[in-house]
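Notebook open, coffee poured. I am going through this structure one feature at a time and jotting down what I look up.

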Amino acid sequence: MNGRRLSGNVEDRRGISGGKIGLGGGIIGVIIVAAITLFSGGNIGDVLTNVMGSNMMQANYASSEYQPTEEDERLATFASQILAGTEDVWTQVFRQKGWGEYKCPKLVLFSGSVNSGCGSATAQTGPFYCSADQTVYIDLDFFKEMPKSIGAGGDFAYAYVIAHEVGHHVQYLLGTLNQAHSLMSRLSERESNQISVRLELQADFYAGVWASLDNKMFGSIEEGDIENAINAASKIGDDYLQRKAYGGEMPDSFNHGRSEQRVRWLSKGIQTGNPDYGDTFTPAYSQL
């Protein structure tokens, strides 16, 4: 990423307290549970409900004085460069497709806790997109925890996380996100979860499209990068995370897709580099 431009849409709130939220069970346990919903398109209420409803002992995570490490600063620069790459790619795509102007999302870096247009969250919530303020929120410690908590790491895996959240922003701009959420509010929980899966798989596909086009623009993909992203996708499937957290699967509660589905749609985006092939809403649910 050397020489890549930085985005002008990054707001650094590290060291600024966003308030305290009662959670518990230790950071690894919380991340495993929260990861089941961390890619849910900004529905932070679902994340907090899942975590707080898991009968864990309550503990408070208070923001302490923030002292960035050299790795923190590297990751902050990296995140800004990835955001800039998404801006370049999606601005070009929107123009070529006649989708109107691409309005870039903001990226907020925080530490400990943060207030967003979708409510308050802690670092243990994981990265998320909030459509209410069109902003992606990330505590960089999440990236440092990924190898330990879910066995996925590497810069391209981290880029995939950011690109996935930006994928939800693309859905918001195209009207897909609001239409899906409106439909979900009128359906049963099981049917609503299936719509959520379709949203998440499309965001994975859009992340793959970004990776493909960013590589064409900047030659950004190096040996091992694709494998790191695919590995990350395989470790955030509902089936994998539920087995890890609970020792079994609850398919009716899946709201992000199985590992093999997430890998398939991310790979399809990388292979095609064309958002036209990302329709996850027309196929039968069993065919996703």
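**Entry 1: the turn at Q134**

Before anything else I noted the cut-offs: buried means under 20% relative accessible area, exposed means over 50%, and partly exposed is what lies in between. I also wrote at the top of the page that this is a predicted model.

I then looked up Q134, which has a relative accessible area of 26% and is therefore partly exposed. Q134 lies in the loop between β7 and β8. Its phi caught my eye, being near 50°, a positive value in a residue other than glycine. The setting is a hairpin: 4 residues sit between strands β7 and β8, and Q134 with its positive phi belongs to that hairpin.

**Entry 2: the strands around β8**

From the turn I moved on to the strands. β7 and β8 pair in the antiparallel sense, with 3 bridges between them. I picked out Y129, whose bridge partner in β8 is V136.

Next I asked myself in which sense β8 and β4 run. They run parallel, joined by 4 bridges, with β8 covering residues 135-138. Two positions went into the margin here: K106 stands opposite T135 in β8, and V108 stands opposite Y137 in β8.

β4 (residues 106-109) also pairs with β1 (residues 10-12), in the parallel sense and over 3 bridges. Within that pairing, D12 has L109 of β4 as its bridge partner.

Are the two faces of β8 buried or exposed? Both turn out to be covered: T135 and Y137 on one side are buried, and so are V136 and I138 on the other.

**Entry 3: the disulfide**

I searched for disulfides and found 1 in the structure. The bond joins C118 to C130, with an S to S distance of 2.1 Å. I checked the angle about the S-S bond as well; at 95°, the link of C118 and C130 is right-handed. The two ends lie in distant parts of the chain, 12 residues apart: C118 is in the loop between β5 (113-116) and β6 (119-122), while C130 is in strand β7 (residues 128-130).

The two cysteines differ in their surroundings. C118 has 27% relative accessibility, so C118 counts as partly exposed. C130 comes out at 0%, so C130 counts as buried. I looked up C104 too, and at 32% relative accessibility C104 counts as partly exposed.

**Entry 4: aromatic rings**

How many aromatic pairs does a search of the whole structure find? I got 9. One of them is W90 with Y206, an edge-to-face pair at 5.5 Å centre to centre and 80° between the planes. This pair links distant parts of the chain, with W90 in helix α3 (residues 70-97) and Y206 in helix α7 (residues 189-218), 116 residues apart. Both W90 and Y206 are buried.

I then turned to F142 and F143, which also form an edge-to-face pair, at 6.5 Å centre to centre and 65° between the planes. F142 counts as buried because its relative accessibility is 6%. F143 has 1%, so F143 counts as buried as well.

Going back to W90, I followed the ring pairs onward. They link W90, F205, Y206 and W265 into a cluster.

One more ring made the page: F218 has the charged end of R4 sitting over it, 3.9 Å from the ring centre.

**Entry 5: empty space**

My last search was for cavities. Rolling a probe the size of a water molecule over the atoms shows where empty space is left. I found 2 cavities of 30 Å³ or more.

I spent my time on the second largest cavity, which holds about 40 Å³ of space. Which residues line the second largest cavity? My list reads F156, A159, Y160, A163, A207, W210, A211, A229 and L266. Both α5 (155-174) and α7 supply at least two residues of that lining. The biggest contribution to the lining of the second largest cavity is from α5, which gives 4 residues.

**Entry 6: looking back over the page**

The element I kept returning to was β8, which pairs with β7 in the antiparallel sense and runs parallel to β4. Helix α7 also came up twice, as the home of Y206 in its pair with W90 and as a contributor to the lining of the second largest cavity.

Notes:
Residues are numbered from 1 along each chain as its sequence is written. This is a predicted model: local features need pLDDT of at least 70, side-chain atom pairs count only at pLDDT 80 or more; totals for chains, interfaces and linings use all residues. Side-chain values use heavy atoms; hydrogens and water are left out. Rings of Phe, Tyr and Trp (its six-membered ring) pair if their centres lie within 6.5 Å; planes under 30 degrees apart count as stacked, over 60 as edge-to-face and the rest as tilted. Buried means under 20% relative accessible area, exposed over 50%, partly exposed in between (1.4 Å probe, protein chains only). A charge sits over a ring if NZ of Lys or CZ of Arg is within 6 Å of the ring centre and within 35 degrees of the ring normal. Two strands pair if DSSP finds at least two bridges between them. A disulfide is a pair of cysteine sulfur atoms within 2.5 Å. On a 1 Å grid over the protein atoms alone, a cavity is a set of points where a 1.4 Å probe fits but cannot get out, and a pocket is an open set with protein on both sides within 12 Å along at least five of seven lines; lining residues have an atom within 4 Å of a point. Grid points are joined across faces, edges and corners, and a volume is the space filled by probe spheres set on the points.
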